[in-house]
Amino acid sequence: MTADSRTADRPPAALRAEALEALLTERGLVKTDVLDGFINRYVNDVGPLNGAKVVAKAWVDPDYRARLLADGTGAIKELGFGGPQGEHIVVVENTDEVHNVVVCTLCSCYPWPVLGLPPNWYKDPAYRARVVREPRALLAEMGLVVDGAVEIKVWDSSAENRYFVLPRRPAGSENLSEEELTALVSRDAMVGVADVKVAS
Amino acid sequence: MTGAEALDAVGATALPRANGELVFDEPWESRAFGLAAALADQGLFSWRDFQTGLIAEVAADESGPGEYRYYDRWVGALESLLFQRGVVSLEDVDDRADVLCHRPAGHDHRDDEHGLHDH
């Protein structure tokens, strides 16, 4: 049966997903513990904290920063972070002249090993369209006002390249340790919809 | 409030942006995620193949503003791939879903009626 012959009255996706899992489990095609393992790993273990460690290390270690910008996936693997959706990570650095922001206009490509799973707004059609069309206005709505003199670059992630933003190290953080810096870095800053600030 | 509403061009409301934000709106979405990841891990299909299907599903989405359900598209892409590969048929899935839908009282049926409006 082809997609065209589907009728409008198919069961809701929630039930179809449950049916698929039941059928595939019964036929021995998927193991429940493997499935649970993926969920636990991405809900609980792999998250933006990994990316924050990468950013903090790049801020305190110029050699690491250079390796990160030259080969994102390789430098991230140095810290032990890799796996699905971790291939071809390209790190783009925010400077006084350029602010980078990441989107996946086609679906939801995202560097899982350093950021976990994407938040809902990242997958939303409105974000995917507007960040390309009017990034400055959208970022301002999201709480990030980018100075008019700063160029905004929008990076479209795909299976070939998954972009990751290296935010600017905030003023006033000169005396903080790598661990303290790690705590400042948010998921949103690594997607490029926020800046990193020193907690007041 | 959903992300879609927050992103609406008319509303200037701030987006949900805490690091601890929930990735999944409902538990079944996490099951659908884990299912595709596990099947790719076990080699039933490549992640690239799934991703290609997901891009097509997302592109074909015709839901109106605020109605978009990412994991509905995710399940559609997963099904299409499994149908193509002859792993399961549409009838298998819909028949089983129908059985699940008519579970005895005590199970949560909350999604049943709601889901029909998505199409």
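# Loops, rings and a cavity in a two-chain model

In chain A, A:His88 sits in the loop that joins α5 and β1. The structure is a predicted model. A:His88 is not a glycine, yet its phi is positive, at about 60°. The relative accessibility of A:His88 is 46%, so the residue counts as partly exposed, a class that runs between the 20% limit for buried and the 50% limit for exposed.

A:Gln85 is located in the loop between α5 (72–78) and β1 (89–93) of chain A. Its phi is near 65°, again a positive value in a residue other than glycine. Is A:Gln85 buried or exposed? A:Gln85 counts as buried because its relative accessibility is 4%, and the cut-off for that class is under 20%.

## The two chains

Chain A has 200 residues, and buried residues make up 52% of them. Its secondary structure consists of 11 helices and four strands. Among contacts in chain A with a separation of 6 or more, 69% join residues 24 or more positions apart. The exposed area of chain A is about 8,600 Å², and carbon and sulfur atoms supply 51% of that area.

Chain B has 119 residues, 47% of which count as buried. It contains six helices and zero strands, giving the pattern α-α-α-α-α-α along the sequence. For chain B, residues 24 or more positions apart account for 51% of the contacts with a separation of 6 or more. Chain B exposes about 6,200 Å², with 53% supplied by carbon and sulfur atoms.

## Two further sites in chain A

A:Glu21 belongs to helix α1 (residues 13–26) of chain A. Which residues does A:Glu21 contact, leaving aside neighbours within four places in sequence? They are A:Leu35 in its own chain, and B:Arg31 and B:Leu35 in chain B. A:Glu21 is a buried residue, because its relative accessible area of 13% is under the 20% limit.

A:Gly172 is part of the loop between β4 (162–166) and α10 (178–184) of chain A. With a relative accessible area of 51%, A:Gly172 is exposed, since that class begins over 50%. A:Gly172 and A:Ala199 are 27 residues apart along the chain, and their C-alpha atoms are separated by 9.7 Å.

The table lists relative accessibility for residues discussed in this report.

| Residue | Relative accessible area | Class |
|---|---|---|
| A:Glu21 | 13% | buried |
| A:Gln85 | 4% | buried |
| A:His88 | 46% | partly exposed |
| A:Gly172 | 51% | exposed |
| B:Phe45 | 4% | buried |
| B:Phe50 | 1% | buried |

## Aromatic pairs

A pair of aromatic rings is described by the distance of the centres and the angle of the planes. Over all chains, the count comes to 15 aromatic pairs. One of them joins A:Trp121 and A:Tyr122, whose ring centres are 6.3 Å apart; their planes stand at 70°, so the pair is edge-to-face, a label used for angles over 60 degrees. A:Trp121 and A:Tyr122 are each buried.

Another pair is B:Phe45 with B:Phe50. Here the centres are 6.1 Å apart and the planes lie at 20°, so the pair is stacked, the limit for that label being under 30 degrees. The relative accessible area of B:Phe45 is 4%, which makes it buried, and B:Phe50 is likewise buried at 1% relative accessibility.

B:Phe45 and B:Phe50 also belong to a cluster linked by ring pairs. Its other members are A:Trp112 from chain A, and B:Phe33, B:Trp47, B:Tyr70, B:Tyr71 and B:Trp74 from chain B.

## Cavities

Rolling a probe the size of a water molecule over the atoms shows where empty space is left. There are two cavities of 30 Å³ or more, and the largest has a volume of about 130 Å³. How many residues line the largest cavity? The lining has 17 residues, and those nearest its centre are A:Ser108, A:Trp112, B:Trp47, B:Tyr70 and B:Trp74. Among these, A:Trp112, B:Trp47, B:Tyr70 and B:Trp74 are also members of the ring cluster.

In chain B, α3 (47–60) and α4 (70–84) each contribute at least two residues to this lining. The most come from α3(B), with four residues. By residue class, the lining of the largest cavity holds 13 nonpolar, three polar and one charged.

Methods: Residues numbered from 1 in each chain as written. Chains lettered and ligands numbered in written order. Predicted model: local features only at pLDDT ≥ 70, side-chain atom pairs only at ≥ 80, totals over all residues. Heavy atoms only, no water. Buried < 20%, exposed > 50% of the residue type's maximum accessible area, 1.4 Å probe, protein only. Contact = heavy atoms within 4.5 Å. Areas by Shrake-Rupley, 256 points an atom, 1.4 Å probe, with all protein chains shown as cover. 1 Å grid on protein atoms, 1.4 Å probe; cavity = no way out; pocket = protein on both sides within 12 Å on 5 of 7 lines; lining within 4 Å. Points joined across faces, edges and corners; volume = space filled by probe spheres on them. Nonpolar A, V, L, I, M, F, W, Y, C, P; charged D, E, K, R; others polar. Phe/Tyr/Trp six-rings, centres within 6.5 Å; stacked < 30°, edge-to-face > 60°.
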